[in-house]
Amino acid sequence: MQIRLIEVSRIVEDPDQPRRAMDDASIASLADSLRQHGLLNPITVTPLEGVDGYRIVTGERRWRAAQLVGLYDMPCIVRETPPQDPAEKTTEQLIENLQREELAPLDKANAIRSLKEKLSATNKEIGHRLALSERTVGYLLDLLDLPESIGEQIVSSPNRPADGNLTEKHGRFLRQLNDNPDIQNKLVDKIKDEKLSADETARVTKALREFPDMHDEILGSAIEDIGRVTGRGIGGGGDGGFGGGAGRIGLGSANREERFEFKGTEIDISGTDGPPVFSAGRAFVSILERIGPMLDEVRVAAASAADLPALEDELQVLQSKIEKKLAEVRAAARRS
């Protein structure tokens with residue numbers, strides 16, 4: 001391989017590259033950077049057969065930005081022998097784009113599926129090639145099950161708030177509503193309008209699946225009111241849930257229902273024969289003590305393969321909430 005300056009006009013894009021769409025705003029931003037700092041990283045090209053020109057292997061965004069700026073030539077790594085194996089070329093392009101986070105999630109998914117088919121490989125083998133976990137490969141491929149109109153709206157948002165955008169994690173929960181496109185599209189609108197997080201989307205999706213006859217009420221409710229609307233969570237009773245609600249916790253029981261009403265830092269318990277006042281902290285501990293036995297009732301071996309992704313998603317949501325609450329408790333302990 002060698003690096004040389006090549007006229008921008010003698011370079012053409014690769015029609016088989018993984019990216020299917022270019023973000024004009026990001027190209028314009030890259031062009032501004034080129035004007036200020038020049039091209040810091042050369043693109044990779046290979047000679048065209050029988051033509052005085054070159055085809056891009058990696059770096060199409062930089063080439064498009066160079067065109068926008070009006071550069072005459074640009075530095076290129078020239079690969080005299082192009083990859084003979086189509087899978088090798090696809091792998092190289094994918095790695096380049098994944099490392100730069102330039103591909104839209106749906107483009108990543110389509111490219112991974114193409115690579116998987118070319119190699120007749122498993123998700124684990126593809127993950128090894130691309131330095132991705134087997135789970136990440138599976139999640140990306142799951143996006144292909146979404147309606148195309150929704151899949152195309154999904155953006156990559158690692159470690160940043162979704163801010164009304166559909167992320168890959170939103171997509172995993174939306175996929176659970178594939179059998180009801182009308183409700184699915186209404187939930188997409190709700191995510192955008194109310195800027196729902198992925199965890200909040202999981203909660204709405206769960207309610208929609210458990211109470212299909214109440215979809216209008218659920219979709220029309222604020223996230224903190226869903227438990228009240230469905231009769232689950234705070235103030236709802238029946239399942240030991242605890243969600244949003246004004247100063248009231250309902251704990252379901254086989255024999256009776258206890259309602260704890262907050263009064264400052266203490267809780268007044270009605271419907272019991274014991275003393276009327278208990279500390280809020282002890283009541284919360286009592287709630288948390290129920291989680292372990294409830295998890296013990298989950299028999300993974302009895303779940304169907306089709307339900308495992310939903311089960312994993314629900315456990316991840318629970319894990320996230322537990323970790324957040326644990327951090328709050330530790331912070332409070334340090335302050336005390």
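User: In this predicted model, which side chain does D182 meet in a salt bridge?

Analyst: The side chain of D182 meets that of K186 in a salt bridge, with a distance of 3.5 Å from N to O. Both residues lie in helix α9, which covers residues 181–194, and they stand four residues apart, about one turn of the helix.

User: Are D182 and K186 buried, exposed or partly exposed?

Analyst: Since partly exposed covers the range between under 20% and over 50% relative accessible area, D182 is partly exposed at 45%, and K186 is partly exposed at 33%.

User: Which residues are joined into one network by salt bridges that share partners?

Analyst: Shared partners join E7, R10 and D52 into one network, and within it the side chains of E7 and R10 meet at 2.9 Å, N to O. The structure holds 12 salt bridges, including one between D32 and R35 at 2.7 Å, two residues that lie three residues apart in helix α1.

User: How should I read the angle at which α5 and α6 pack?

Analyst: Angles of 65 to 115 degrees count as roughly perpendicular. Helix α5 (residues 123–130) and helix α6 (residues 134–142) pack at about 110 degrees, with their axes 8 Å apart, and they are therefore roughly perpendicular to each other. In this contact, N123, K124, I126 and G127 of α5 meet E134, V137, G138 and L141 of α6, a set with three nonpolar, three polar and two charged residues.

User: Is T44 buried or exposed?

Analyst: Buried means under 20% relative accessible area, and T44, at 9%, therefore counts as buried. T44 has its place in strand β3 (residues 43–47), and, leaving aside neighbours within four places in sequence, T44 is in contact with R55, I56, V57, T58 and I77.

How values were computed:
Residues numbered from 1 in each chain as written. Predicted model: local features only at pLDDT ≥ 70, side-chain atom pairs only at ≥ 80, totals over all residues. Heavy atoms only, no water. Axes fitted to C-alpha atoms, helices over the stretch in contact; angles between N-to-C directions. Parallel < 35°, antiparallel > 145°, perpendicular 65-115°, else oblique. Contact = heavy atoms within 4.5 Å. Nonpolar A, V, L, I, M, F, W, Y, C, P; charged D, E, K, R; others polar. Buried < 20%, exposed > 50% of the residue type's maximum accessible area, 1.4 Å probe, protein only. Salt bridge = Lys/Arg side-chain N within 4 Å of Asp/Glu carboxyl O.
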